[in-house]
Structure formats: structure tokens, C-alpha cells
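The following exercises ask the reader to derive burial, contacts and helix packing from coordinates. Please inspect the sequence and the structure before working through the solutions.

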Amino acid sequence: ISFFDYFWFGLHDPKQPIREITAELLRYSLKMIARRENTMRTRCVMKIYETAVANIQNVKEDILHGSLLALGELLETKSELMLDKYREIAELVLKNKDHKDKLVKRAVITLLPRLADFEPEFFVHNYLAATMNYLVDCLKKDERATAFLAFGDTVLAVQDHSQRVLQFLEPFFNIVRLSLQA
């Protein structure tokens, strides 16, 4: 068992705060190994990725939530190793967008801007419309605060493609206007 295998105990803990703190610890650990030799870094990052992907198929919400948090931390590192895995990660995240569990749904919403930031060009051409429509839909329902932040962060991540984003601003501002009137 390696050092990084221990993170899965916390990432799959039944308690949300423990999963989130463990994800934060994973982020700092990934930053530390980013300075290490390539072989060690590659092995650790790929092991985390493979375990997260395998566990996303799990039906238990806490395991799915922890695995999504781990993928988010891998995206946060902007590791070149994740470039080859980007499409798979994006598809796994979007596959869980309508999950019934609030924490899983919140994790998906917060991962969308990270996906946009990691590979903006590819994201714009393949996932922007679905993402923005989904976030606008979330603004009308639950997880509104998270969706508001994710919408803004996604726009910032793809700001070089502002023409593609403009079509989503009107529905967004209509919801903002309605929210202020309520």
C-alpha cells in the first residue's frame, strides 16, 4: 500500500467533511509531488486517476462523491498526464449531472469550471453548450449558490471564447433578475 492509497479511506468516508478535508489534503500532496521526479509523479497521479474512475461506477453516494472530489484535485494540478484522460473525465462528470444525491450533484457543478479551465478550447467545442444549459437549469432549482459560482467561473475559464458564451448570458441574467425580485 502506497502513501496515496491512504487517501481513499478519507475520500470514501461516510462523513462529508472528512471527504472534503481529505480532498484538500490530496491537493497539497499532489502539489508536493509535482516537484518530484517524473516516474514517481506519473505513478502516483495515474494510480489516483485509475482508482477514482473505478470507484465512480460505485452506487454508494459517499464513494462516488469522494471519487469526483479526487478527479477535481487531479484537474486542479493541471498535470499534463491528465490531458489524455480529459475526455473520459469530462464524460464521467457529465454522466453524473442528474444524480439524485445533492453532494454528488454539487461536486459535478463545481467540477464543470475546472474542466473548462483545464482545456478551454476542447471544452468550448465539446461541452460548453451542455454545461451552460445545465447550469442555467440548476439556477432555477436546487444548488443555486453553487451553480451561480460555477457559471461565473466557467465564463472566466473560457473568456477567450466570449462570442460562444454570449448566448447563455441572457437566460442567466433573467434568473438573476428574478432572484433579486423574490
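Five exercises with worked solutions follow.

The model is a predicted one, in which local features need pLDDT of at least 70 and side-chain atom pairs count only at pLDDT 80 or more, while totals for chains, interfaces and linings use all residues. Residues are numbered from 1 along each chain as its sequence is written, and side-chain values use heavy atoms, with hydrogens and water left out.

**Exercise 1. Determine how H2 and H4 pack, and classify the residues of their contact.**

Step 1. Helices are DSSP runs (H or I, at least four residues), numbered from the N terminus. Helix H2 spans residues 16–33.

Step 2. Axes are lines fitted to C-alpha atoms, for helices over the stretch in contact, and angles run from 0 to 180 degrees between N-to-C directions. On this basis H2 and H4 pack at an angle of about 25°, and their axes are 9 Å apart.

Step 3. Angles under 35 degrees count as roughly parallel, over 145 as roughly antiparallel, 65 to 115 as roughly perpendicular and the rest as oblique. H2 is therefore roughly parallel to H4.

Step 4. The contact (heavy atoms within 4.5 Å) involves Gln16, Arg19, Glu20, Ala23, Leu26, Arg27 and Leu30 on the H2 side. H4 contributes Asp62, His65, Gly66, Leu69, Ala70, Glu73, Leu74 and Glu76.

Step 5. Ala, Val, Leu, Ile, Met, Phe, Trp, Tyr, Cys and Pro count as nonpolar, Asp, Glu, Lys and Arg as charged, and the others, Gly among them, as polar. The contact of H2 with H4 then divides into 6 nonpolar, 3 polar and 6 charged residues.

**Exercise 2. Carry out the corresponding analysis for H9 and H10.**

Step 1. The axes of H9 and helix H10 (residues 162–181) are 12 Å apart, and the packing angle is about 150°. H9 is therefore roughly antiparallel to H10.

Step 2. The handedness of the crossing is left-handed; this term applies if the near helix is turned anticlockwise from the far one by less than a right angle, and right-handed applies if clockwise.

Step 3. From H9, Arg144, Phe148, Phe151 and Val155 meet Val165, Phe168, Leu169, Phe172, Ile175, Val176 and Ser179 of H10. By class, this contact has 9 nonpolar, 1 polar and 1 charged residues.

Step 4. An α-helix has 3.6 residues a turn, so residues three or four places apart point the same way.

**Exercise 3. Establish the relative orientation of H6 and H8.**

Step 1. The two axes come within 11 Å and cross at roughly 135°. H6 and H8 are therefore oblique to each other, and their crossing is left-handed.

Step 2. Lys105, Val108, Ile109 and Leu112 in H6 meet Thr131, Tyr134, Leu135 and Cys138 in H8. These residues divide into 6 nonpolar, 1 polar and 1 charged.

**Exercise 4. Which residues of H5 are buried, and against which helices do they pack?**

Step 1. Buried means under 20% relative accessible area, exposed over 50%, and partly exposed in between (1.4 Å probe, protein chains only).

Step 2. In helix H5 (residues 86–95), Tyr86, Ile89, Ala90, Leu92, Val93 and Leu94 are buried.

Step 3. These residues pack against helix H3 (38–56), helix H4 (61–76), helix H6 (102–118), helix H7 (120–126) and H8.

**Exercise 5. Characterise the environments of Gly10, Asn55, Val124 and Lys141.**

Step 1. Gly10 belongs to helix H1 (residues 7–11) and is buried, because its relative accessible area is 12%. Not counting residues up to four places away in sequence, Gly10 touches Ile18, Arg19 and Thr22. The C-alpha atoms of Gly10 and Thr22 are 5.5 Å apart, with their positions 12 residues apart in sequence.

Step 2. Asn55, in helix H3, counts as buried at 18% relative accessibility. Leaving aside neighbours within four places in sequence, Asn55 contacts Trp8, His12, Ile63, Leu64 and Ser67.

Step 3. Val124 lies in helix H7 and is buried, because its relative accessibility is 2%. With the same neighbours within four places left aside, Val124 is in contact with Val158, His161 and Arg164.

Step 4. Lys141 is found in the loop between helix H8 (128–139) and helix H9 (144–157). Lys141 is partly exposed, because its relative accessible area is 46%. Its side chain forms a polar contact of 2.9 Å with that of Asp137; such a contact is a pair of N or O atoms within 3.5 Å, and within protein one must be able to donate a hydrogen and the other to accept it, with residues adjacent in sequence counting only if both atoms are side-chain atoms.

Conventions
Helices (H or I, at least four residues) and strands (E, at least two) are DSSP runs, numbered from the N terminus.
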